[in-house]
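Me: I would like to learn how to read single features in a structure like this one. Could we take them one at a time?

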Amino acid sequence: MYKNISNCTSLVVIMSCNRLLRLSTSVQNLLRADIQGLGSWQCRIRKILPTVTGRRYKHGVPDSLSCSWLMHDKHLELKFNDVVMRLDYVWLRDHCRSASCYNPKTNQRSLDTAQVDLAIKPAKIRSDNDAIYITWPDNHMTKYALSWLAKYSFEGQVQIVQPRILWNAAVYKEAEMPYVTYNSVMESDEELKKFLETFLLYGIAFIDEAPASVEATETVALRVGLIRESIFGRMWDFTSDFSRGDTAYTKVALDRHVDTTYFQEPCGVQLFHCLRHDGTGGRTLLQDGFNAAENVRNENPHHFEVLTKVPIKHEFIENIGGCHNHMIGIGPVLNVYPWNNELYLLRYNNYDRTIISTVPHDVVHQWYVAHRALTTELRKAENEIWVKLKPGKVLFVDNWRVLHGRDAFTGYRRLCGCYLMRDDVLNTARFLGIKI
Ligand SMILES: [Fe+2]
């Protein structure tokens, strides 16, 4: 499917188009009753005009040449630039941006939504070329820029939340990842932006030539976002001494997984920095879980849907030395936004998945079949990349998307890292001008 990476942009576009198609279908299904008979806007206007009073039907022309509208019982049907928007009256009143309803300095709502009559209807509507003006029954007037409505209405949501380049081994090999160094990221916002753009598109990215120390790893982590402290501490730094009750603290191979599935919100981003390894083995396995999940969706949408619906519990129980922890997280393996079916979180960890008691036997069997389909996809060699981490090379992994694992190894191996708050990494990206 992904023959080369020279068309990264078109891959993103392809993803967008597929999702848009699904979104469009979803919208059409939801609104089928309204859409049926709509056919031609102009035809409908002609049909309605003779039978509807002026109080009930309004048309933007001649006030505005750029928009026209129909008032329904509970919503306004607004046509602007060939897009038909359906705007609930309560939504419109709730989104008034007048000085008494909204504070532009804090970007916060001042209006008490609970005071809005749920049966509210505009008393009067007029428009010009740029905006529509609604006077409410209490004479409060709201101005909505047409471009604002086009951007924020449900029908205007044409963008996916996060553009991504899905990858398998071949795609990743051909991708031209920028070489970013510790010093350049620390000194230059442009270099940090370049790094973050790569990270957000692929779900993994490296910062090279870092000092091989926990302190430097923490410093560069804080350049990207805020550290998420957990039961494993702020910065973790370990060897294979089995000091904690987790297989990661041994020398055995680790199958692909994402971390902290036993948190209600798994950690968003993880850093790995191998500070020293005197021995053999220990390569790191990385793979794009969303690419595998999308392959399952294309092959068998029912399997995909089952994995998005069945809640699965993950659990971490530790009683070693002074560490006594019991963590539980519940959620489906695949998490999608309900409005556009876009994947945003993968919760896959066969080590930490605990007893399934959330669904009856027939559903649980469907889940096992669907889970097997995803696992089969994940275990295809063509979807794996293997990298040898070494001192100076800091790996950032999107723990909501990219799975990691490792070879067994021999000798002394010291690894450090931390988790980052996902929101804060995205916050850094937005501050640098990345649209996300
Ligand atoms: Fe892990």
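Me: Is Asn 319 buried or exposed?

Reply: The test is a count of C-beta atoms around the residue, and 12 or fewer within 10 Å means exposed. In this predicted model, Asn 319 has 10 C-beta neighbours inside 10 Å, so the residue counts as exposed. Asn 319 belongs to strand S15, residues 312–320.

Me: Which residues is Asn 319 in contact with, leaving aside its neighbours within four places in sequence?

Reply: Gly 245 and His 324. A separation along the chain can also be set beside a separation in space: Asn 319 and Arg 244 are 75 residues apart in sequence, and 8.5 Å lies between their C-alpha atoms. For the protein chain as a whole, take the contacts between residues at least 6 apart in sequence; 71% of them join residues at least 24 apart.

Me: What does the secondary structure of the protein chain come to?

Reply: There are 13 helices and 22 strands. The chain has 436 residues, and 30% of them count as buried.

Me: Which strands stand at the edges of the sheet S1-S2-S3?

Reply: Begin with the order. This is an open sheet of three strands, paired antiparallel in the order S1-S2-S3. Strand S1 (67–71) and strand S3 (83–88) are at the edges; each has a single partner strand, so one side of each is left without a neighbour in the sheet. On average, neighbouring strands here are turned by 20° against each other, direction ignored.

Me: How many bridges join S1 to S2?

Reply: Five, with the two strands running antiparallel. Register is read from the bridge partners: Ser 68 is matched with Lys 79 of S2, and Cys 67 with Phe 80 of S2. The connection from S1 to S2 is a hairpin through three residues.

Me: What joins S2 to S3?

Reply: Six bridges, again with antiparallel strands. Glu 77 has Arg 86 of S3 as its bridge partner. S2 and S3 form a hairpin with two residues between them, and Asn 81 in the turn has a positive phi of about 50°.

Me: Which residues make up the covered face of S2?

Reply: Leu 76, Leu 78 and Phe 80 form the covered face, while His 75, Glu 77 and Lys 79 form the uncovered one.

Me: Where do S6 and S8 stand in the sheet S6-S7-S8?

Reply: This too is an open sheet of three strands with antiparallel pairing. S6 (124–127) and S8 (141–145) stand at its edges with a single partner strand each, so one side of each has no neighbour in the sheet. Four bridges connect S6 to strand S7, residues 131–135. Ser 127 is opposite Ile 132 of S7.

Me: Why is S13 described as largely enclosed by the rest of the structure?

Reply: Count the buried residues along the strand. Eight of the ten residues of S13 (269–278) are buried, so the strand is largely enclosed by the rest of the structure. Its pairing can be read as well: five bridges join S13 to S20, and nine bridges join S13 to strand S22, residues 412–420. Both pairings are antiparallel. Phe 272 is partnered with Leu 395 of S20, and Val 269 with Leu 420 of S22.

Me: What span should helix H8 have?

Reply: The rise is 1.5 Å a residue, so the 14 residues of H8 (189–202) should span 20 Å; the end C-alpha atoms are 20 Å apart, which agrees. After H8 comes Gly 203, with a positive phi near 85°.

Me: Which residues of H8 are buried?

Reply: The general idea first: an α-helix has 3.6 residues a turn, so residues three or four places apart point the same way. In H8 the buried residues are Leu 192, Phe 195, Leu 196, Thr 198, Phe 199, Leu 201 and Tyr 202. Among the elements that cover them are helix H7 (182–187), strand S9 (204–207), helix H9 (214–224) and helix H13 (422–431). Strand S20 (394–398) is also included.

Me: At what angle do H10 and H11 pack?

Reply: H10 (289–299) and H11 (301–309) pack at about 125°, with their axes 5 Å apart. The two helices are therefore oblique to each other. H10 contributes Ala 293, Val 296 and Arg 297 to the contact, and H11 contributes Pro 301, His 303 and Phe 304. By type, these residues are four nonpolar, one polar and one charged.

Definitions and conventions:
Residues are numbered from 1 along each chain as its sequence is written. This is a predicted model: local features need pLDDT of at least 70, side-chain atom pairs count only at pLDDT 80 or more; totals for chains, interfaces and linings use all residues. Two strands pair if DSSP finds at least two bridges between them. Axes are lines fitted to C-alpha atoms, for helices over the stretch in contact, and angles run from 0 to 180 degrees between N-to-C directions. Angles under 35 degrees count as roughly parallel, over 145 as roughly antiparallel, 65 to 115 as roughly perpendicular and the rest as oblique. Two residues are in contact if their C-beta atoms, placed from the backbone, lie within 7 Å. Ala, Val, Leu, Ile, Met, Phe, Trp, Tyr, Cys and Pro count as nonpolar, Asp, Glu, Lys and Arg as charged, and the others, Gly among them, as polar. A residue is buried if 20 or more other C-beta atoms lie within 10 Å of its own, exposed if 12 or fewer, and partly exposed in between; C-beta atoms are placed from the backbone. The expected span of a helix is 1.5 Å times one less than its number of residues.
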